[in-house]
Amino acid sequence: MTSRIPFIAGNWKMNLDHQQGIALVQKLAWTLKDANFEYKNAEVVVFPGFTSLRSIQTLIDADNFEIKLGAQDISAHDSGAFTGEVSGIALKKLDANYVLIGHSERRQFHYETDEVVQAKTAAAFRHGIAPVICVGETLEELEAEGAAAVPVRQTLAALAGHEVLGNFVIAYEPVWAIGTGQVATPEQAASVCGKIREAIRSAHGEVADKVRILYGGSVKAANVAGFLRSPEVDGVLVGGASLDAEEFAGIARFQSHLAL
Ligand code: PEP
């Protein structure tokens, strides 16, 4: 298992309105409490859509929940004529601890290039929000270049030109495994996560030991332990299964099924 604090992230994508979001976070917190979950054993972070962030921030604050909050995107710009964009200033004001950057759906459907991902990473660093930089290869890239080449390239591109202090997370998500039910094997995930860490070490030095590198792609309570048994995988980024409080709580409680 990892020596870093495992990071369990739920990406809600474009699902749930703010009332449904409140209900989900309440149920998640209560389910974890009933199971005597210890937040020192894993950091649990939800990434709701923008319209739910304020409500969920208020709930977390009012009820002293230890669940952390993240946004699904950030503008590269701080303010101005950028209709529809959301700035790091606004996200910081909502106590967003983390922000997803370069999710494969943003790269694929919104044409985000490595340059855009790099600029958004800069914005997150500028505002003291830890970026969760998503990287991963498509099936075609897997066949042409192997599993690690694209994620390593995307990681280095996102971090290029920044003073890298370790306050970021990398999520390795093979595009062919997202929302498809097709899961990478724990060995594949561990191997790519290890190569990403080595690349960060070569480019940025010992900060590589602090960075948490996650696996994402069709993770469920039933398969999470397989990934987190490896010391190379520091957590998981979960899409579909994070919309079900009990399932996501089961993922956060992966340590209880590590021994099984
Ligand atoms: C994701 O959206 O980052 C993801 C991994 O989705 P899913 O768990 O549904 O494959």
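How close do the axes of α1 and α2 come, and at what angle do they cross? Select both helices to find out, keeping in mind that this is a predicted model. The two axes come within 9 Å and cross at roughly 35°, and the crossing is right-handed.

**Stop one: between α1 and α2**

Show side chains where the two helices meet. From α1, pick His18, Gly21, Ile22, Val25 and Gln26; from α2, pick Thr51, Ser52, Ser55, Ile56 and Leu59. Color them by class and you get four nonpolar residues, six polar ones and no charged ones.

**Stop two: the rest of α2**

Now stay on α2, which covers residues 50–62. Its buried residues are Ser52, Leu53, Ser55, Ile56, Gln57, Leu59 and Ile60. To see what lies over them, switch on α1 (18–34), β3 (68–71) and α3 (88–93), which are included in the cover. Then step past the end of the helix to Asn64: α2 is followed by this residue, and its phi is positive, near 50°.

**Stop three: Ser104**

Jump to helix α4, residues 104–109, where you'll find Ser104. Is Ser104 buried or exposed? Its relative accessibility is 11%, so Ser104 counts as buried. Leaving aside residues up to four places away in sequence, Ser104 touches Val175 and Ile178.

**Stop four: α5 against α7**

Next, select α5 (residues 114–126) and α7 (residues 149–159). Their axes come within 7 Å and cross at roughly 45°, so α5 and α7 are oblique to each other. This crossing is right-handed. For the contact itself, light up Asp114, Val117, Gln118 and Thr121 on α5, plus Gln154, Ala157 and Ala158 on α7. By class, that contact has three nonpolar, three polar and one charged residues.

**Last stop: the cores**

Which residues have the most contacts inside the largest nonpolar core? Select Ile200 and Ile251; the core they sit in has 73 residues. Helix α8 (residues 186–204) gives the most to this core, with seven residues. Center the view on Ile200 and look around: setting aside residues up to four places away in sequence, Ile200 touches Thr155, Leu156, Leu159, Phe168, Ile170, Gly205, Val207, Ala208, Val211 and Ile213. Apart from the largest core lies another one, of 13 residues; select Phe47, Val169, Ala171 and Leu214, which are among them.

Terms used: Residues numbered from 1 in each chain as written. Predicted model: local features only at pLDDT ≥ 70, side-chain atom pairs only at ≥ 80, totals over all residues. Heavy atoms only, no water. Axes fitted to C-alpha atoms, helices over the stretch in contact; angles between N-to-C directions. Helix = DSSP H or I, 4+ residues; strand = E, 2+ residues; numbered from the N terminus. Parallel < 35°, antiparallel > 145°, perpendicular 65-115°, else oblique. Left-handed = near helix turned anticlockwise from the far one by under 90°. Contact = heavy atoms within 4.5 Å. Nonpolar A, V, L, I, M, F, W, Y, C, P; charged D, E, K, R; others polar. Core = buried A, V, L, I, M, F, W, Y, C linked by side-chain atoms within 4.5 Å. Buried < 20%, exposed > 50% of the residue type's maximum accessible area, 1.4 Å probe, protein only.
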